[in-house]
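Please read the following report alongside the sequence and the coordinates. It takes up the pockets and cavities, then the strands, and finally the aromatic contacts.

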Amino acid sequence: MNDTEFRIRVESDITSIPRDIWDSCAGSGLDRESGNSVSHLNINGNSCVSGLRDDSAESESGLSYNPFTSHDFLSALEESGSATMATGWMPQHLVLEDAEAGVLGVCPAYLKSHSRGEYVFDQGWAEAYERAGGRYYPKLQVAVPFTPATGPRLLVRPGYDASAVRGALAQGLVSLARMRKASSVHATFLATEDAEALEAEDFLPRTDQQFHWRNEGYGSYEEFLGALASRKRKALRRERREAMESGIEIRWLSGSDLTEEVWDAFFDFYMETGSRKWGRPYLTRRFYSLVGERMADRILLVMARRAGRWIAGAINFIGPDTLYGRHWGAVEHHPFLHFEVCYHQAIDFAIARGLKTVEAGAQGEHKLARGYLPVTTRSAHWIADPGLRRAVASYLERERAYVADANTELSALGPFRHVSDEP
């Protein structure tokens, strides 16, 4: 392979990157050329990016629309004041280019002054390092802020060698971290291809656990219940029935249903529940208006009404084959309403739409009894200080073994019928 020179520019505002260019890499839009010229960071590469053009590479890139890496979602976070330098999320998005082809790939990245809103926890590493005299912050975070959903992070424009572009972006992250004097780079909720590309560049692998529901071609919720053990079926039927007592009704809202009045009600739920759960909710009211304008047909609000007013709701984002549950809130609390709004209704919607998966967010072994089974999530971590790296590597080795054992054990405890069970 011949050596080549490429350029990675760093953007502190995603709106500086044209929407069609970003989305062509993210799998969310058309591939169009752009002649924009802005300040940039030069990083000299070698053979890892030579021969980038590959007319058969589009399928290898594995592109599929992910609502959270779309320009619409990420720009709403920034423009609403939710993910900005003022909130400790300074955008440092990477754009990989070469002189002939233009943009080859992009990567959402943030320089962070804390570890909140990530759902992959490293506060213990920070405390230990700072007790030893080090400075953990700033760090570089490759993520969708406040969103524990697996998806692509090293975004590749179709028609180019995806593995080579991912490798170049991974190298660029390390170079940017050194330039910004960051202690580390953390890439979270990674697609498999991205995890492998980062590990090839000396990132440490990390695993964690979530609970996802899989659609095995069910024609109805009752058909899904038929796959469960008898005792579990009865428990869920009773749970759903009791959740709807007190005159509660459930509505699915999407598209033009998402009025400002509805967002006002949902934001009240978010603030009420988020203030108790996190102390300070992350998202601003304007964020919901912006995603409502830009992504209305990709959003499902499951809203509960009683006595003529909205009392609870959950926000979901709709992918090509996955429903992503994000967060919920309530101003009235009723037995089992949380499970109905967040989990059972999501299954109903996925069956109705023929979606393959429901991702119900971070943590939560209580999801197991409702048909959500454990899956492994992946992240990757580059650490500059050799001593801290050794300590973290040792910890992660033990943690990976624990996560694997826990997934095996919890999978065996799922509610589904075994061959020996009664029908």
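## The largest pocket

A pocket here is an open set of points on a 1 Å grid over the protein atoms alone, with protein on both sides within 12 Å along at least five of seven lines, and a residue belongs to its lining if it has an atom within 4 Å of a point. The model to which this is applied is a predicted one.

By that criterion, the largest pocket holds about 660 Å³ of space, and 33 residues line it, with Thr-150, Gly-151, Pro-152, Ala-191 and Glu-193 lying nearest its centre. The elements that contribute two or more residues to this lining are α1 (19–26), β8 (155–156), α6 (192–200), β10 (204–214), β14, β15 (357–362) and β16 (373–383). The largest share, 4 residues, comes from β16. Sorted by class, the lining of the largest pocket comprises 13 nonpolar, 12 polar and 8 charged residues.

## Strand β16 and its partners

Strand β16, which supplies that largest share of the pocket lining, is mostly covered, with 8 of its 11 residues buried. On one hand, β16 pairs with strand β9 (residues 184–187) in the antiparallel sense over 4 bridges, and in this pairing Ala-187 stands opposite Ala-380 of β16. On the other, β10 and β16 run antiparallel and are joined by 9 bridges, with Gln-209 standing opposite Thr-376 in β16.

## The open sheet

These pairings belong to an open sheet of 11 strands with mixed pairing, whose order is β3-β6-β7-β9-β16-β10-β15-β14-β13-β12-β11. Its edge strands are β3 (89–91) and β11 (249–253), each of which pairs on one side only. Neighbouring strands of the sheet are turned against each other by 30° on average, with direction ignored.

At the β11 edge, the pairing is with strand β12 (residues 299–306), in the antiparallel sense and over 5 bridges. Within it, Leu-253 stands opposite Leu-301 in β12.

## Strand β4 between β1 and β5

A separate set of pairings involves β4 (residues 93–98), where 5 of the 6 residues are buried, so that this strand is largely enclosed by the rest of the structure. Strand β1 (residues 6–11) pairs with β4 in the antiparallel sense over 5 bridges, and β4 is likewise joined by 5 bridges to strand β5 (residues 102–107), again running antiparallel. The connection from β4 to β5 is a hairpin through 3 residues.

Glu-97 of β4 takes part in both pairings: Arg-7 stands opposite Glu-97, while the bridge partner of Glu-97 in β5 is Val-103.

## Enclosed cavities

The structure also holds 6 cavities of 30 Å³ or more, and the largest of them has a volume of about 50 Å³. The lining of this largest cavity consists of Phe-73, Leu-77, Pro-145, Phe-146, Thr-147, Leu-283, Phe-287, Phe-317, Arg-326 and His-327. Two elements, α3 (71–79) and β14 (322–330), give two or more residues to that lining. By class, the lining has 7 nonpolar, 2 polar and 1 charged residues.

## Aromatic contacts

A search of the whole structure finds 26 aromatic pairs. Among them, Phe-146 and Tyr-282 form a stacked pair, at 4.8 Å centre to centre and with 10° between the planes. Phe-146 lies in the loop between β7 (139–142) and β8, whereas Tyr-282 lies in the loop between α9 (260–278) and α10 (285–294), so the pair ties together parts that are 136 residues apart in sequence. The two rings differ in burial: Phe-146 counts as buried because its relative accessibility is 5%, under the 20% limit for buried residues, whereas Tyr-282, with a relative accessible area of 22%, is partly exposed. A further pair, Trp-213 and Tyr-218, is tilted, at 5.8 Å centre to centre and with 40° between the planes, and both of these residues are buried.

Beyond individual pairs, one aromatic cluster is formed by Phe-68, Phe-73, Trp-263, Phe-266, Phe-267, Phe-269, Tyr-270, Phe-287, Tyr-288, Phe-317 and Tyr-324. Phe-73, Phe-287 and Phe-317 of this cluster are also among the residues that line the largest cavity.

Terms used
Residues numbered from 1 in each chain as written. Predicted model: local features only at pLDDT ≥ 70, side-chain atom pairs only at ≥ 80, totals over all residues. Heavy atoms only, no water. Pairing = 2+ DSSP bridges. Axes fitted to C-alpha atoms, helices over the stretch in contact; angles between N-to-C directions. 1 Å grid on protein atoms, 1.4 Å probe; cavity = no way out; pocket = protein on both sides within 12 Å on 5 of 7 lines; lining within 4 Å. Points joined across faces, edges and corners; volume = space filled by probe spheres on them. Nonpolar A, V, L, I, M, F, W, Y, C, P; charged D, E, K, R; others polar. Buried < 20%, exposed > 50% of the residue type's maximum accessible area, 1.4 Å probe, protein only. Phe/Tyr/Trp six-rings, centres within 6.5 Å; stacked < 30°, edge-to-face > 60°.
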